[in-house]
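Subject: Structure handover

Hello,

Here is the structure I said I would pass on. Please look through it before reading the notes underneath.

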Amino acid sequence: MRCETRRAARRLPALAAVLAALLAVACGQSAPEPGSSPSAEPGVSGDTIKVGILHSLSGTMAISEVSVKDAEQLAIDEINAQGGVLGKKLEPVVEDGASDWPTFAEKAQKLISSDNVAAVFGGWTSASRKAMLPVFERNKALLYYPVQYEGLESSPYIFYSGATTNQQIIPGLEHLKEKGVKRLFLLGSDYVFPRTANKEIKAWAKANGMEIVAEEYTPLGHTEYGTLVNKITAAKPDAVFNTLNGDSNVAFFKQLRNAGVSADDIPVMSVSVAEEEARGIGPDNLAGHLTAWNYYQTTDTPENEEFVKAYKQKYGADRVTDDPIEAGYVQVWLWAKSVEKAGSTNPEKVKQAAKGLTFDAPEGKVTIDGDTQHLYKTARIGRIRPDGLIEELSSSDEPIEPDPYLKGYDWAKGL
Amino acid sequence: MEIFLSQLFIGLSVASILLLVALGLTFTFGQMNVINMAHGEFVMAGAYTTYVIQGALGASLVTLGFLVALPLAFLVGGALGVVLEWVLIRRLSGRPLDTLLATFGVALILQQVARDVFGASNVQVRAPAFLDGAITVAGVSMSYTRLFIIALVGVCLAAIWAHLGRSPAGRRMRAVMQNRDLAAASGVRTPRVDRRTFFIGSGLAGVAGVAVTLLGSVGPTLGTNYLIDAFLVVIVGGLGRLRGAVMAAVALGLFNAYVEYGTDASIAKAAAFALIVVFLQFRPQGLVVQRARGLT
């Protein structure tokens, strides 16, 4: 490396000029006047309204996020086919977050300041959301975030379309308790979502008399689960609660099955494995294991029948829909309904109009909770079928009120 | 005791996977001094070869498809390697840093090609039925897939040793590796030998790709999961030394298995890196040293 630096040093003047230019651009973008108010009607120009779509289209998260982008574009197409919003057509501006959290923040800033979009739909990992949060708060612009997450957050400029803890993880735990699970093994990827989720799970377990036999983390992208499978078989838990994310799930489930451990021996309850991931993991390796979500492709509503049909028609019969894909689709509609109701794309007016707004989503009725800007969602426990789709075992029947800070639960005091 | 043996098996299994991916690198990195960042993508190409063949043969011929994929992935990986060598690496010979950057670019391009052709999602490769399940010996459960990979590494090693030691072409490869100028002066056509070396090294990456479909995900970024560990094996083993690579892989595999059992995966990984840093302080040339005059 050293000789490369020296060679570069000879070109220093040119490099410095380029750097200075880049810095000027970057600073111009990322440091707007503190407290500057956005234009009254962002995104509106002539007959169109610009909206931003910001997902990882490359890198390790592209696996999950490309499908959500597709669903958001489907919703935009449908809205445009019905005449658009406020009589204007939606024009998506698509940016690539590249699975890199600082890039998400930069691209969000770009969408807000240079494209002047009315709202941004995007993000997947909690790390990407945490990176974008200050950008949206500083610019007083709106982000719609489509994925279940660990809770303990409620930004006034983010709408959370996925589940928070009490709409997914706690119903999942309650299901396990009902089935007589007394000893639970916690397994997760080593980053913010699994660590926070497991903190909550341990507090819940303590209050509910469930024993946590182990809490294990592996780095993101980890592919070697032989040792972990040995740890699981040695600990003999009644079930595993799995918060692994990304490719690791494939390695874990393949190696669990290879070691001769089936869903009958030790069922695994996952909160980040949906139909899309099941295709890559291989249904053979997953059949019989459990999931907790708010939506499955098999969810039986008339809206879902139409949604699945439209999605497959646009993107191919071999594609599947799942919870984050559905949430991506729903959040575009929720934004459009809020804008129609507000009669404006102004974020403050849209937020006001969104309070209590309901929508018949593919997952059933959802309602925006004005205080937390989360959705009332129905929790559904599912079992993975041999064909890779997920069948519902039980549901909460009614949409559950979002409680991101778990205020309604005594055991969660002190988290 | 049971745990000790179970982890021994896991350690050896981890070693076999590391070694399989690293074998090709001992040729291209170790012998030609080319840091090929696209090696991981050749592994990925091997994995997708399995996927394509299984798709073409249909669900009833999963086992046949998998077995056919082994030699075919060798050819696919090898062909990619030869093209890379011919188009790029040959023109950058003696410029290791430029080669590193150029091949890193090639790696990104290949990942994007895979994403455009096969989609961003992971694809499913089915394991052959005869590898389903595990055998229990003395309380140690050994899965057939892991046993298969250990056997596959054994076959690859034997083939390489035979090739390098017994065949005229293999001897020419060793001659070029030990002293390129002298070999050229003795009438060995070094560019041709280079191409052959690259073909074999990249082909082995393809074979590794077929094997890792049994254990992990098959997606555009598959190769990056294995590349760093493979480089570690080659560096710790000593450049270009097969024996060193085997020793390094076994040491790393066992270290990982036992430390991870006692702690967790993140700590095991960090501890392994720390150990390697210390090791290279005292023995920068690696476990096994090449003794030859005129070798840089």
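The notes below go from chain A as a whole to its domains, then to one sheet, and end with the contact to chain B.

Please keep in mind that this is a predicted model.

Chain A overall

Chain A contains 14 helices and 16 strands. Its C-alpha atoms fill a box of roughly 60 × 60 × 45 Å along the principal axes. For 415 residues, a compact globule would be expected to have a radius of gyration near 22 Å, and chain A agrees with that, because its own value is 22 Å. Of the 415 residues in chain A, 53% are buried. Counting the contacts in chain A with a separation of 6 or more, 71% are between residues 24 or more positions apart.

The two domains

Chain A is divided into two parts, each made of two segments: domain 1 covers 44–163 + 301–376, and domain 2 covers 165–293 + 380–412. The centres of the two domains of chain A, taken over C-alpha atoms, are 27 Å apart. Where they touch, domain 1 of chain A contributes 28 residues and domain 2 of chain A contributes 23 residues. On the domain 1 side, the elements giving two or more residues are α3 (62–81), α5 (126–139), α13 (323–342), β13 (364–368) and β14 (375–376) of chain A. By class, that side of domain 1 has 11 nonpolar, 11 polar and 6 charged residues.

A three-stranded sheet

Two of the strands just named, β13 and β14 of chain A, also belong to an open sheet of 3 strands, with the order β12-β13-β14 and antiparallel pairing. β12 (358–361) and β14 of chain A are at the edges and have a single partner strand each, so one side of each has no neighbour in the sheet. β13(A) and β14(A) are joined by 2 bridges. Within this part of the chain, T367(A) is opposite Y376(A) of β14(A). The helix α13(A) packs on the sheet, where it touches β12 and β13 of chain A, and its direction makes about 145° with that of β12(A).

The contact with chain B

Between the chains, 33 residues of chain B are in contact with 33 residues of chain A. On the chain B side, at least two residues each come from α1 (2–31), α4 (96–118), β2 (140–143), α10 (242–262) and α11 (265–282) of chain B. The most come from α1(B), with 6 residues. The side of chain B that touches chain A consists of 11 nonpolar, 17 polar and 5 charged residues.

Regards

Key
Residues numbered from 1 in each chain as written. Chains lettered and ligands numbered in written order. Predicted model: local features only at pLDDT ≥ 70, side-chain atom pairs only at ≥ 80, totals over all residues. Helix = DSSP H or I, 4+ residues; strand = E, 2+ residues; numbered from the N terminus. Rg over C-alpha atoms; globule rule 2.2 N^0.38 Å. Buried ≥ 20, exposed ≤ 12 C-beta atoms within 10 Å, placed from the backbone. Contact = placed C-beta atoms within 7 Å. Nonpolar A, V, L, I, M, F, W, Y, C, P; charged D, E, K, R; others polar. Domains from an automatic or database assignment. Pairing = 2+ DSSP bridges. Axes fitted to C-alpha atoms, helices over the stretch in contact; angles between N-to-C directions.
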